[in-house]
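Dear colleague,

Please find below the sequence and structure that I am handing over to you. My notes on what was found follow directly after.

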Amino acid sequence: MSCFPCFSSHGKKSSKRVNSGRTRQLPSAPPHSETPPQPPSENPKRPPTEATNNKAVTKEAGNNIAAETFTFRELATATKNFRQECLVGEGGFGRVYKGHFEKTGQTVAVKQLDRNGLQGNKEFLVEVLMLSLLHHEHLVNLIGYCADGDQRLLVYEYMPLGSLEDHLLDLPPDQKALDWSTRMRIALGAAKGLEYLHDKANPPVIYRDLKSSNILLDKEYNAKLSDFGLAKLGPVGDKTHVSSRVMGTYGYCAPEYQRTGQLTVKSDVYSFGVVLLELITGRSAIDTTRQTEEQNLVSWAQPIFKEPSRFPELADSLLQGYFPVKCLNQAVAVAAMCLQDDASTRPLMSDVVTALSFLGGGPEAGNISPSSASASPLDDKMIGMTENYQDEVAARERQQAIAEAMEWGSNSRAINDSSM
Ligand SMILES: Nc1ncnc2c1ncn2[C@@H]1O[C@H](COP(=O)(O)OP(=O)(O)OP(=O)(O)O)[C@@H](O)[C@H]1O
Ligand SMILES: [Mg+2]
């Protein structure tokens, strides 16, 4: 397991966790040839090219492309020459600076892609194209970009509260932990962003790199997904998957995607399950500071998923018991369903959105008292979904017990036979 140290973010921490994962090409899957993304058929726009450079993507009335172009000088001025004090974070593809445009009074986040990065340029073009076409209240808005010379920069709406990772994992002692209903609201927002990409974008978009550092928060803790650089246009027609190099982040990547490089919307559902589990437990997907059997969050939680009576053990101690136990149980059941090894049995994001609407994140949620046993009103679908899961767990356990009894029976017969 590799570790990828990151820079501090939003001045809150002097250093991020050593285990903080960055997007990178993951080993172990056979390399596939990369198909350049095609724009959605409804919006046949070409991505900006080197030749068209800064004039490629401009505001066009009456269509979906709304990204502005900026000169390098404009962005240097906005970020005080990319000064250290404006640096808000650094990821696998470059640094992110807080910027301010005097003329408009607008505050923005400027992502300067690493020019030595293997995929910087390609990811840049993909991201500009994708974000220009996709708009949703739970996706970070791309304001514009700069492609001056060999510089590649993206200008996003500034998300004042930074990433979910900054609020959930390794909190400094003076930082208040997120409460249950905020956690569930963030989960619901992220789920809605994914649902939009999977079900409403045409063709569907597989996000491919969902993780807590890619979920950003506005001043009211509304979640928005950032970083579409790795997103792929999903399969169309009878194709069920898109083959690609395995890109992602350790701890969040679906097992079948890491094994085969075959990408489906269900790979995103798995990554969402990891984020939901992080929200429930306050633990990071990979944490090398813990003892070996607890370093991988999913492996640690899997045995507990099989025993619904143990679900409350998963709750983040920083919640101090302030959550409705039934809601916690349902949230764990949703996470467990998303994290199933068999991708085909994972729920769709639309089902997850329905389920989470009732777990303290949506307007339907009830009041929250410390470990109160009262549940929010759950609709039939939600109850059915999680009860099915719990029934399946019970059935699997029964089958295993029968198999073990049969094996024990045949072993003891064999011992008896040989002693006769
Ligand atoms: N639009 C934004 N507004 C405010 N802060 C942002 C914005 N985009 C990114 N950041 C901050 O910069 C940090 C680094 O973001 P970046 O996307 O470069 O890296 P990452 O998400 O940690 O890793 P990866 O490169 O794998 O996506 C984020 O964790 C977040 O704190
Ligand atoms: Mg990111």
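To begin with a question: how many bridges join strand S6 to strand S7, and do they run parallel or antiparallel? In this predicted model, S6 is joined to S7 (residues 153-157) by 4 bridges, and the two strands run antiparallel. Within this pair, Gly144 stands opposite Val155 of S7. The hairpin of S6 and S7 has 6 residues between the strands, and Gly149 in this hairpin takes a positive phi near 55°.

Strand S6 also pairs with strand S2 (residues 68-69), here through 2 bridges and in a parallel arrangement. Thr69 has Tyr145 of S6 as its bridge partner.

As for its surroundings, S6 covers residues 142-146, and 5 of its 5 residues are buried, so the strand is largely enclosed by the rest of the structure.

The second point concerns Lys111, where UniProt, in an unreviewed entry, places the feature "binding site". Please note that such an annotation may be inferred rather than shown by experiment. Lys111 lies in strand S5 (residues 106-113). Is Lys111 buried or exposed? There are 26 other C-beta atoms within 10 Å of Lys111, and a residue counts as buried at 20 or more; Lys111 is therefore buried.

Leaving aside residues up to four places away in sequence, Lys111 touches Gly94, Val96, Leu153, Leu154 and Tyr156. Strand S7 spans residues 153-157, and the contacts of Lys111 with Leu153, Leu154 and Tyr156 fall within that strand.

With kind regards

Note on methods:
Residues numbered from 1 in each chain as written. Chains lettered and ligands numbered in written order. Predicted model: local features only at pLDDT ≥ 70, side-chain atom pairs only at ≥ 80, totals over all residues. Buried ≥ 20, exposed ≤ 12 C-beta atoms within 10 Å, placed from the backbone. Pairing = 2+ DSSP bridges. Contact = placed C-beta atoms within 7 Å.
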